[in-house]
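Trainee: I have a model open and a list of labels attached to it. Can we test the labels against their definitions?

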Amino acid sequence: GRRDEYNATSRNRDKNAIARAICRHVRTELVPPGRFLKRATKEQAAKWGFVGEKAAADVWVPVDEKTMLDRAMQSLREKDVKYVDKIKKGEHHHLKRKTTDEADGAGGGNARQNNN
């Protein structure tokens with residue numbers, strides 16, 4: 001699959017093209033379309049009327065293009081294929097994975113489906 005193709009090439013240009021294709025697939029071809037999200041800062045959440053620690057933790061915002069590509073590339077490098085299998089089966093919206101960013105407190109996120 002795409003992971004094997006990604007890992008087989010040593011050219012950054014090719015790796016970027018594969019990651020871009022995956023991001024495009026998530027945003028435009030999934031039904032409903034997916035998004036790459038991160039937790040909002042407390043300040044962002046407060047602007048939208050969410051207050052308190054718990055409220056701010058429940059607010060997610062889309063990431064920028066570079067972060068989206070970085071996350072797709074990281075996912076392609078990871079060995080955890082169980083999550084990819086769940087995506088293929090349509091069970092990914094039931095999962096919450098911790099990313100490296102979340103583990104170190106930077107507030108990362110994952111591609112999530114937009115259920116609106």
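Mentor: We will take the labels one by one.

Mentor: Keep in mind that this is a predicted model. The protein chain has 7 helices and 3 strands. Along the sequence they follow the pattern α-α-β-α-α-β-α-α-α-β. Of its 116 residues, 30% count as buried.

Trainee: What makes helix 2 roughly perpendicular to helix 5?

Mentor: The crossing angle. The axes of helix 2 (residues 12-28) and helix 5 (residues 65-77) cross at roughly 105°. Angles of 65 to 115 degrees count as roughly perpendicular. The crossing falls in that range, so helix 2 is called roughly perpendicular to helix 5. The two axes come within 9 Å.

Trainee: Which residues of helix 2 and helix 5 make the contact?

Mentor: Helix 2 brings Lys-15, Asn-16, Ile-18, Ala-19, Arg-20, Ile-22, Cys-23 and Arg-27. Helix 5 answers with Glu-65, Met-68, Leu-69, Ala-72, Met-73 and Leu-76. By class, that contact has 9 nonpolar, 1 polar and 4 charged residues.

Trainee: How do you know that the span of helix 2 agrees with its number of residues?

Mentor: Set the expected span against the model. Helix 2 has 17 residues, and at 1.5 Å a residue they should span 24 Å. The end C-alpha atoms are 24 Å apart, so the two agree.

Trainee: Why is Ile-22 called partly exposed?

Mentor: Its relative accessible area is 24%. Buried means under 20% and exposed means over 50%. The value for Ile-22 lies in between, so Ile-22 is partly exposed. Ile-22 lies in helix 2. The buried residues of that helix are Lys-15, Ile-18, Ala-19, Ala-21, Cys-23 and Val-26.

Trainee: What does Ile-22 contact, leaving aside its neighbours within four places in sequence?

Mentor: Arg-2 and Leu-76. Ile-22 and Ala-72 are 50 residues apart in sequence, yet their C-alpha atoms are 7.2 Å apart.

Trainee: Why does Ser-75 count as partly exposed?

Mentor: Run the test again. Ser-75 has 27% relative accessibility. Partly exposed covers the values between the 20% and 50% cut-offs, so Ser-75 counts as partly exposed. Ser-75 is found in helix 5. Ser-75 and Arg-3 are 72 residues apart in sequence and 8.7 Å apart in space, C-alpha to C-alpha.

Trainee: Which residues form the largest nonpolar core?

Mentor: It has 12 residues: Tyr-6, Ile-18, Ala-19, Cys-23, Val-26, Phe-36, Val-63, Met-68, Leu-69, Ala-72, Met-73 and Leu-76. Helix 2 and helix 5 each supply at least two of them. Helix 5 gives the most, with 5 residues.

Trainee: How much of the contact count, at a separation of 6 or more, comes from residues 24 or more positions apart?

Mentor: In the protein chain, such residues account for 58% of those contacts.

Trainee: What is the omega of the peptide bond from Val-31 to Pro-32, and is that bond cis or trans?

Mentor: Omega is near -5°, and the bond is cis. Most peptide bonds are trans. Pro-32 lies in the loop between helix 2 and strand 1 (34-39).

Technical notes
Residues numbered from 1 in each chain as written. Predicted model: local features only at pLDDT ≥ 70, side-chain atom pairs only at ≥ 80, totals over all residues. Heavy atoms only, no water. Axes fitted to C-alpha atoms, helices over the stretch in contact; angles between N-to-C directions. Helix = DSSP H or I, 4+ residues; strand = E, 2+ residues; numbered from the N terminus. Parallel < 35°, antiparallel > 145°, perpendicular 65-115°, else oblique. Contact = heavy atoms within 4.5 Å. Nonpolar A, V, L, I, M, F, W, Y, C, P; charged D, E, K, R; others polar. Core = buried A, V, L, I, M, F, W, Y, C linked by side-chain atoms within 4.5 Å. Buried < 20%, exposed > 50% of the residue type's maximum accessible area, 1.4 Å probe, protein only. Expected span 1.5 Å × (residues − 1).
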